[in-house]
Amino acid sequence: MGRRNRLFVIAALISLCLLPSMGQSRSGQKSAAQEEAADYYAKWLNEDVVYLISDEEHDVFQGLTTADEKDTFIEEFWRRRDPDPASAFNEYREEHYRRIAYANQHFGSGIPGWKTDRGRIYIMFGPPDESEYHSGGQNYTRAHHEGGGRTSTYPFEIWRYRQISGVGSDVEMEFVDRSWTGEFRLALYPW
């Protein structure tokens with residue numbers, strides 16, 4: 001065996017001897033790769049699909065212990081929601097991540113857009129069919145169903161959806177920025 005081959009074999013043996021200890025340091029801490037994987041799964045569960053995942057799915061995912069189990073779960077999660085499983089492209093997943101990106105770009109206000117009320121509604125139900133924006137600080141004539149009359153307002157937006165599956169038709173949501181910081185909160189009572 002040549003010198004080069006002997007060095008290769010020695011290096012391979014040393015690598016094999018070190019493999020069992022690479023997962024954890026002597027103090028029992030996780031390796032950087034394990035921490036990165038844990039961060040990935042936590043982000044997927046607590047950010048990426050927080051508004052989509054059912055309580056049952058959440059509990060099942062939390063009970064999984066290996067990366068392979070979690071990867072399989074994630075694949076199945078998206079496959080179940082794929083409107084056209086025969087295609088290689090999952091339109092549902094792509095639209096979901098597009099909505100997250102849009103929410104982060106347009107609704108952030110000191111916190112990521114996906115965490116805001118407008119971001120959550122946008123991610124869950126998509127863009128509204130109609131919307132109107134009122135900058136606030138000016139006189140506003142309230143509609144009859146809002147009590148009528150004139151008032152000065154905080155900045156607010158009204159989003160209208162013709163139909164939201166599982167919610168109903170002609171859904172109107174109002175978001176109000178009571179702090180004047182750009183963080184619009186869903187108003188439970190429009191008046």
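**Figure 1. Pairing of strand 4 and strand 5 in the predicted model.** Glu 157 has Phe 175 of strand 5 as its bridge partner. The two strands, strand 4 and strand 5, run antiparallel and are joined by eight bridges. Together they form a hairpin, with three residues between the strands. Gly 166 lies in the turn of this hairpin and has a positive phi of about 85 degrees.

**Figure 2. Pairing of strand 5 and strand 6.** These strands pair in the antiparallel sense over two bridges. Phe 175 has Leu 186 of strand 6 as a bridge partner. For Val 176, the bridge partner in strand 6 is Arg 185.

**Figure 3. The open sheet of four strands.** The order of the strands is 1-4-5-6, and the pairing is antiparallel. Strand 1 (residues 130-134) and strand 6 are the edge strands, each of which pairs on one side only. Helix 6 packs on the sheet, where it touches strand 4, strand 5 and strand 6. The direction of helix 6 makes about 20 degrees with that of strand 4.

**Figure 4. Helix 6 and its surroundings.** Helix 6 spans residues 117-125. Its buried residues are Asp 117, Arg 118, Gly 119, Ile 121, Tyr 122 and Ile 123. The cover over these buried residues includes helix 5 (91-106) and strand 4 (156-164). Strand 5 (168-176) and strand 6 (185-186) are also among the covering elements. After helix 6 comes Gly 126, with a positive phi near 85 degrees.

**Figure 5. The surroundings of Phe 175.** Neighbours within four places in sequence are left aside in this view. Phe 175 is in contact with Asp 117, Arg 118 and Ile 121, as well as with Pro 155, Phe 156, Glu 157 and Trp 159. Further contacts of Phe 175 are Phe 184, Arg 185, Leu 186 and Ala 187. Among these residues, Asp 117, Arg 118 and Ile 121 are buried residues of helix 6. Two of the contacts are also bridge partners of Phe 175, namely Glu 157 and Leu 186.

**Figure 6. The nonpolar cores.** In soluble globular proteins, nonpolar side chains tend to be buried together. The largest nonpolar core of this model has 14 residues. Within this core, the residues with the most contacts are Ile 121, Trp 159, Tyr 161, Met 173 and Phe 175. Helix 5, helix 6, strand 4 and strand 5 are the elements that each give two or more residues to this core. A second core, separate from the largest one, has twelve residues, including Leu 45, Val 49, Leu 52 and Leu 64.

How values were computed
Residues are numbered from 1 along each chain as its sequence is written. This is a predicted model: local features need pLDDT of at least 70, side-chain atom pairs count only at pLDDT 80 or more; totals for chains, interfaces and linings use all residues. Side-chain values use heavy atoms; hydrogens and water are left out. Buried means under 20% relative accessible area, exposed over 50%, partly exposed in between (1.4 Å probe, protein chains only). Contact means heavy atoms within 4.5 Å. A nonpolar core is a set of buried Ala, Val, Leu, Ile, Met, Phe, Trp, Tyr and Cys residues joined through side-chain atoms within 4.5 Å. Two strands pair if DSSP finds at least two bridges between them. Axes are lines fitted to C-alpha atoms, for helices over the stretch in contact, and angles run from 0 to 180 degrees between N-to-C directions.
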